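Q: Please take a close look at one part of this model, the helix that gives the most residues to the shell around the ligand. Which of its residues are buried and which are exposed, and what lies around it?

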Amino acid sequence: MHPETNSDELHYRASLVYIYPTKLDNIESEKTKVDDNDSASVIEHVKYMIRSLRPECEMTEVLLELWDLAHETTHPIRRRKLQEINPLSINSWTSSRVTLLGDAIHAMSPLMGLGTNEAIQDADVLSQALLNYSPENHNACIKEYENEMIKRASASVLKSRAITLKEILPVGYFGFVIRNSALKFINFMLKVQNFIVNNIF
Ligand SMILES: Cc1cc2nc3c(=O)[nH]c(=O)nc-3n(C[C@H](O)[C@H](O)[C@H](O)COP(=O)(O)OP(=O)(O)OC[C@H]3O[C@@H](n4cnc5c(N)ncnc54)[C@H](O)[C@@H]3O)c2cc1C
(Lines give C-alpha, C1' and ligand atoms only; values in the text may rest on other atoms or scores of the structure.)
Protein backbone atom coordinates (compact mmCIF):
# COMPACT_ATOMS: atom_id res chain seq x y z
CA MET A 1 0.00 0.00 0.00
CA HIS A 2 3.02 2.30 0.42
CA PRO A 3 5.82 3.05 -2.03
CA GLU A 4 9.05 1.18 -1.23
CA THR A 5 11.62 3.55 0.34
CA ASN A 6 14.21 1.27 1.92
CA SER A 7 15.19 -2.01 0.25
CA ASP A 8 16.27 -3.49 3.65
CA GLU A 9 12.73 -3.34 4.93
CA LEU A 10 10.04 -5.84 4.03
CA HIS A 11 7.07 -4.34 2.22
CA TYR A 12 3.72 -5.87 1.51
CA ARG A 13 1.14 -5.14 -1.10
CA ALA A 14 -2.51 -5.76 -0.31
CA SER A 15 -5.41 -5.84 -2.75
CA LEU A 16 -8.87 -5.02 -1.52
CA VAL A 17 -11.62 -6.42 -3.73
CA TYR A 18 -15.37 -6.42 -3.17
CA ILE A 19 -17.52 -8.49 -5.54
CA TYR A 20 -21.31 -8.54 -5.72
CA PRO A 21 -23.81 -9.71 -8.38
CA THR A 22 -24.76 -6.89 -10.77
CA LYS A 23 -28.40 -7.85 -10.34
CA LEU A 24 -28.22 -6.10 -6.95
CA ASP A 25 -27.69 -2.89 -8.94
CA ASN A 26 -31.41 -3.12 -9.74
CA ILE A 27 -32.10 -1.89 -6.23
CA GLU A 28 -30.11 1.22 -7.14
CA SER A 29 -31.48 4.30 -5.40
CA GLU A 30 -30.10 7.71 -4.48
CA LYS A 31 -28.14 5.96 -1.71
CA THR A 32 -26.43 3.49 -4.05
CA LYS A 33 -25.56 5.79 -6.99
CA VAL A 34 -21.87 5.37 -7.75
CA ASP A 35 -19.30 7.31 -9.74
CA ASP A 36 -17.23 4.34 -10.97
CA ASN A 37 -14.09 6.48 -11.35
CA ASP A 38 -14.23 8.32 -8.03
CA SER A 39 -12.53 6.52 -5.10
CA ALA A 40 -14.63 8.15 -2.37
CA SER A 41 -17.89 7.33 -4.16
CA VAL A 42 -16.87 3.68 -4.79
CA ILE A 43 -15.74 3.22 -1.16
CA GLU A 44 -19.03 4.65 0.13
CA HIS A 45 -20.90 2.25 -2.15
CA VAL A 46 -18.91 -0.77 -0.93
CA LYS A 47 -19.60 0.23 2.68
CA TYR A 48 -23.30 0.64 1.88
CA MET A 49 -23.38 -2.87 0.34
CA ILE A 50 -21.51 -4.36 3.32
CA ARG A 51 -23.96 -2.73 5.75
CA SER A 52 -26.98 -3.88 3.71
CA LEU A 53 -25.85 -7.45 3.07
CA ARG A 54 -23.97 -8.43 6.23
CA PRO A 55 -25.29 -8.99 9.75
CA GLU A 56 -24.21 -6.58 12.49
CA CYS A 57 -21.14 -8.24 14.00
CA GLU A 58 -17.47 -7.67 14.77
CA MET A 59 -16.38 -8.93 11.32
CA THR A 60 -18.66 -6.40 9.61
CA GLU A 61 -17.06 -3.59 11.67
CA VAL A 62 -13.57 -4.84 10.70
CA LEU A 63 -14.53 -4.85 7.00
CA LEU A 64 -15.92 -1.31 7.24
CA GLU A 65 -12.72 -0.13 8.94
CA LEU A 66 -10.61 -1.79 6.23
CA TRP A 67 -12.55 0.04 3.52
CA ASP A 68 -12.03 3.32 5.40
CA LEU A 69 -8.28 2.68 5.12
CA ALA A 70 -8.71 2.32 1.35
CA HIS A 71 -8.94 6.15 1.19
CA GLU A 72 -5.19 6.13 1.86
CA THR A 73 -4.12 3.66 -0.86
CA THR A 74 -1.65 4.76 -3.51
CA HIS A 75 -3.86 3.40 -6.31
CA PRO A 76 -7.30 4.91 -6.81
CA ILE A 77 -10.23 2.60 -6.08
CA ARG A 78 -12.42 1.95 -9.11
CA ARG A 79 -15.59 -0.06 -9.77
CA ARG A 80 -15.48 -2.28 -12.84
CA LYS A 81 -17.63 -5.12 -14.19
CA LEU A 82 -16.05 -8.57 -13.90
CA GLN A 83 -16.98 -10.15 -17.23
CA GLU A 84 -16.69 -13.89 -17.78
CA ILE A 85 -16.32 -15.62 -21.17
CA ASN A 86 -17.57 -19.17 -21.62
CA PRO A 87 -15.62 -20.39 -24.68
CA LEU A 88 -18.41 -22.87 -25.50
CA SER A 89 -20.87 -19.99 -25.86
CA ILE A 90 -18.85 -18.35 -28.65
CA ASN A 91 -19.68 -19.11 -32.30
CA SER A 92 -17.18 -21.64 -33.66
CA TRP A 93 -14.30 -20.23 -35.70
CA THR A 94 -11.85 -21.64 -38.23
CA SER A 95 -8.52 -22.52 -36.62
CA SER A 96 -5.58 -20.62 -38.04
CA ARG A 97 -2.07 -19.55 -37.04
CA VAL A 98 -3.67 -17.11 -34.59
CA THR A 99 -5.19 -18.57 -31.42
CA LEU A 100 -6.19 -17.45 -27.95
CA LEU A 101 -5.31 -18.59 -24.48
CA GLY A 102 -5.87 -17.47 -20.90
CA ASP A 103 -8.38 -14.79 -19.96
CA ALA A 104 -8.64 -13.65 -23.58
CA ILE A 105 -10.74 -16.75 -24.31
CA HIS A 106 -11.99 -17.92 -20.90
CA ALA A 107 -12.06 -15.09 -18.34
CA MET A 108 -13.84 -16.40 -15.26
CA SER A 109 -14.91 -15.37 -11.79
CA PRO A 110 -11.81 -15.35 -9.54
CA LEU A 111 -13.57 -17.04 -6.61
CA MET A 112 -12.17 -20.53 -7.24
CA GLY A 113 -8.70 -19.28 -8.17
CA LEU A 114 -8.71 -21.23 -11.44
CA GLY A 115 -7.89 -18.52 -14.02
CA THR A 116 -4.09 -18.70 -13.99
CA ASN A 117 -4.17 -22.49 -13.65
CA GLU A 118 -6.23 -22.72 -16.83
CA ALA A 119 -3.88 -20.29 -18.62
CA ILE A 120 -0.87 -22.42 -17.65
CA GLN A 121 -2.64 -25.57 -18.82
CA ASP A 122 -3.42 -23.81 -22.13
CA ALA A 123 0.28 -23.08 -22.60
CA ASP A 124 1.14 -26.70 -21.81
CA VAL A 125 -1.49 -28.24 -24.10
CA LEU A 126 -0.65 -25.79 -26.93
CA SER A 127 3.07 -26.47 -26.74
CA GLN A 128 2.44 -30.25 -26.64
CA ALA A 129 0.21 -29.96 -29.71
CA LEU A 130 2.88 -27.90 -31.51
CA LEU A 131 5.43 -30.67 -30.98
CA ASN A 132 3.72 -32.37 -33.96
CA TYR A 133 4.08 -29.21 -36.05
CA SER A 134 4.89 -29.35 -39.73
CA PRO A 135 4.28 -26.57 -42.30
CA GLU A 136 1.36 -28.59 -43.71
CA ASN A 137 -0.44 -29.41 -40.45
CA HIS A 138 -0.12 -26.32 -38.25
CA ASN A 139 -3.88 -25.66 -38.36
CA ALA A 140 -4.53 -29.21 -37.16
CA CYS A 141 -2.15 -28.68 -34.20
CA ILE A 142 -3.93 -25.47 -33.24
CA LYS A 143 -7.32 -27.16 -33.64
CA GLU A 144 -6.23 -30.03 -31.37
CA TYR A 145 -5.30 -27.45 -28.69
CA GLU A 146 -8.51 -25.44 -29.16
CA ASN A 147 -10.77 -28.51 -28.91
CA GLU A 148 -9.21 -29.56 -25.61
CA MET A 149 -9.02 -26.00 -24.22
CA ILE A 150 -12.64 -25.08 -25.02
CA LYS A 151 -14.03 -28.13 -23.22
CA ARG A 152 -11.71 -27.92 -20.20
CA ALA A 153 -11.91 -24.15 -19.68
CA SER A 154 -15.67 -23.99 -20.20
CA ALA A 155 -16.11 -26.46 -17.32
CA SER A 156 -13.99 -24.18 -15.08
CA VAL A 157 -15.92 -21.06 -16.14
CA LEU A 158 -19.22 -22.75 -15.25
CA LYS A 159 -17.86 -24.18 -11.98
CA SER A 160 -16.54 -20.74 -10.98
CA ARG A 161 -19.86 -19.13 -11.94
CA ALA A 162 -21.87 -21.64 -9.89
CA ILE A 163 -19.74 -21.22 -6.77
CA THR A 164 -19.78 -17.42 -7.16
CA LEU A 165 -23.56 -17.25 -7.37
CA LYS A 166 -23.83 -19.61 -4.41
CA GLU A 167 -21.33 -17.69 -2.29
CA ILE A 168 -22.20 -14.08 -2.97
CA LEU A 169 -25.96 -13.97 -3.30
CA PRO A 170 -27.64 -12.90 -0.06
CA VAL A 171 -28.92 -16.04 1.70
CA GLY A 172 -32.06 -14.50 3.23
CA TYR A 173 -33.24 -14.81 6.84
CA PHE A 174 -33.68 -18.61 6.99
CA GLY A 175 -30.50 -19.28 5.02
CA PHE A 176 -28.69 -16.97 7.43
CA VAL A 177 -30.03 -18.85 10.50
CA ILE A 178 -29.18 -22.28 8.98
CA ARG A 179 -25.67 -21.19 7.88
CA ASN A 180 -24.84 -19.59 11.23
CA SER A 181 -26.15 -22.61 13.19
CA ALA A 182 -24.00 -24.92 11.04
CA LEU A 183 -20.93 -22.72 11.60
CA LYS A 184 -21.57 -22.58 15.37
CA PHE A 185 -21.94 -26.37 15.43
CA ILE A 186 -18.63 -26.84 13.54
CA ASN A 187 -16.95 -24.37 15.92
CA PHE A 188 -18.31 -26.29 18.93
CA MET A 189 -17.11 -29.65 17.54
CA LEU A 190 -13.63 -28.20 16.92
CA LYS A 191 -13.48 -27.01 20.54
CA VAL A 192 -14.56 -30.48 21.77
CA GLN A 193 -11.88 -32.08 19.57
CA ASN A 194 -9.21 -29.68 20.94
CA PHE A 195 -10.32 -30.38 24.50
CA ILE A 196 -10.06 -34.16 23.96
CA VAL A 197 -6.65 -33.90 22.27
CA ASN A 198 -5.23 -31.57 24.99
CA ASN A 199 -6.69 -33.30 28.06
CA ILE A 200 -7.06 -36.97 27.26
CA PHE A 201 -4.19 -37.92 24.93
C1 LIG B 1 -9.24 -10.29 -8.11
C2 LIG B 1 -8.71 -11.47 -8.87
C3 LIG B 1 -8.19 -12.56 -8.16
C4 LIG B 1 -7.70 -13.67 -8.85
N5 LIG B 1 -7.21 -14.74 -8.14
C6 LIG B 1 -6.74 -15.81 -8.81
C7 LIG B 1 -6.19 -16.93 -8.08
O8 LIG B 1 -6.15 -16.96 -6.85
N9 LIG B 1 -5.72 -18.00 -8.80
C10 LIG B 1 -5.76 -18.04 -10.17
O11 LIG B 1 -5.32 -19.03 -10.78
N12 LIG B 1 -6.26 -16.98 -10.88
C13 LIG B 1 -6.75 -15.87 -10.24
N14 LIG B 1 -7.25 -14.81 -10.95
C15 LIG B 1 -7.29 -14.88 -12.42
C16 LIG B 1 -5.94 -14.58 -13.03
O17 LIG B 1 -5.46 -13.32 -12.60
C18 LIG B 1 -6.09 -14.57 -14.55
O19 LIG B 1 -6.82 -15.71 -14.96
C20 LIG B 1 -4.73 -14.59 -15.23
O21 LIG B 1 -4.00 -13.45 -14.87
C22 LIG B 1 -4.91 -14.65 -16.75
O23 LIG B 1 -3.66 -14.55 -17.35
P24 LIG B 1 -3.54 -14.02 -18.82
O25 LIG B 1 -2.08 -14.08 -19.16
O26 LIG B 1 -4.48 -14.75 -19.71
O27 LIG B 1 -4.07 -12.51 -18.82
P28 LIG B 1 -3.48 -11.27 -18.02
O29 LIG B 1 -2.80 -11.68 -16.76
O30 LIG B 1 -4.61 -10.28 -17.94
O31 LIG B 1 -2.35 -10.73 -19.01
C32 LIG B 1 -2.67 -10.00 -20.16
C33 LIG B 1 -1.59 -8.95 -20.32
O34 LIG B 1 -1.74 -8.31 -21.59
C35 LIG B 1 -1.53 -6.93 -21.43
N36 LIG B 1 -2.21 -6.24 -22.53
C37 LIG B 1 -3.53 -6.03 -22.70
N38 LIG B 1 -3.77 -5.36 -23.82
C39 LIG B 1 -2.57 -5.16 -24.40
C40 LIG B 1 -2.16 -4.53 -25.61
N41 LIG B 1 -3.03 -3.97 -26.45
N42 LIG B 1 -0.83 -4.48 -25.86
C43 LIG B 1 0.08 -5.05 -25.04
N44 LIG B 1 -0.25 -5.66 -23.89
C45 LIG B 1 -1.58 -5.72 -23.57
C46 LIG B 1 -2.10 -6.62 -20.05
O47 LIG B 1 -1.54 -5.44 -19.52
C48 LIG B 1 -1.67 -7.86 -19.26
O49 LIG B 1 -0.39 -7.69 -18.68
C50 LIG B 1 -7.73 -13.69 -10.29
C51 LIG B 1 -8.26 -12.58 -10.98
C52 LIG B 1 -8.75 -11.49 -10.28
C53 LIG B 1 -9.29 -10.31 -11.07
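A: The answer below begins with the chain, then turns to the helix in question and its surroundings.

The model is a predicted one, in which local features need pLDDT of at least 70 and side-chain atom pairs count only at pLDDT 80 or more, whereas totals for chains, interfaces and linings use all residues. Residues are numbered from 1 along each chain as its sequence is written.

The chain contains six helices and zero strands; helices (H or I, at least four residues) and strands (E, at least two) are DSSP runs, numbered from the N terminus. The radius of gyration is 23 Å, well over the 17 Å that the globule rule gives for 201 residues, so the chain is more spread out than a compact globule. That radius is taken over C-alpha atoms, and the rule is 2.2 Å times the number of residues to the power 0.38. Along the principal axes, the C-alpha trace spans about 65 × 55 × 50 Å. Of the 201 residues, 10% are buried. A residue is buried if 20 or more other C-beta atoms lie within 10 Å of its own, exposed if 12 or fewer, and partly exposed in between, with C-beta atoms placed from the backbone.

The helix in question is H4, which supplies four residues to the shell around the ligand. For the 16 residues of H4, a rise of 1.5 Å a residue predicts a span of 22 Å, and the end C-alpha atoms are 23 Å apart, which agrees; the expected span is 1.5 Å times one less than the number of residues. Gly115, Glu118, Asp122 and Ala129 are the buried residues of H4. Seen down the axis, these buried residues fall within an arc of 60°, so they line one face of H4; the arc is that of the directions from the helix axis to the C-beta atoms. An α-helix has 3.6 residues a turn, so residues three or four places apart point the same way. Thr116, Asn117, Ile120, Asp124 and Ser127 are exposed, on the face of H4 turned away from its buried side. The buried residues of H4 pack against H3 and helix H5 (138-168), where a contact means C-beta atoms, placed from the backbone, within 7 Å.

Around the ligand stand Val17, Gly102, Asp103, Ala104, Pro110, Gly113, Leu114, Gly115, Thr116, Asn117 and Ala119; a residue is near a molecule if its C-beta atom, placed from the backbone, lies within 6 Å of it. Helix H3 (103-106) and helix H4 (115-130) each supply at least two residues of this shell. By class, the shell has five nonpolar, five polar and one charged residues. Here Ala, Val, Leu, Ile, Met, Phe, Trp, Tyr, Cys and Pro count as nonpolar, Asp, Glu, Lys and Arg as charged, and the others, Gly among them, as polar. Gly115 is buried in H4 and also belongs to the shell, whereas Thr116 and Asn117 belong to the shell and are exposed.

Two other helices may be set beside H4. In H1, the buried residues are Val42, Ile43, His45 and Val46. They cover an arc of only 160° around the axis, which puts them on the same side of H1. Ala40 and Arg51 are exposed on the other side of H1. H2 is hardly covered, with zero buried residues among its twelve.

Methods
Contact = placed C-beta atoms within 7 Å.
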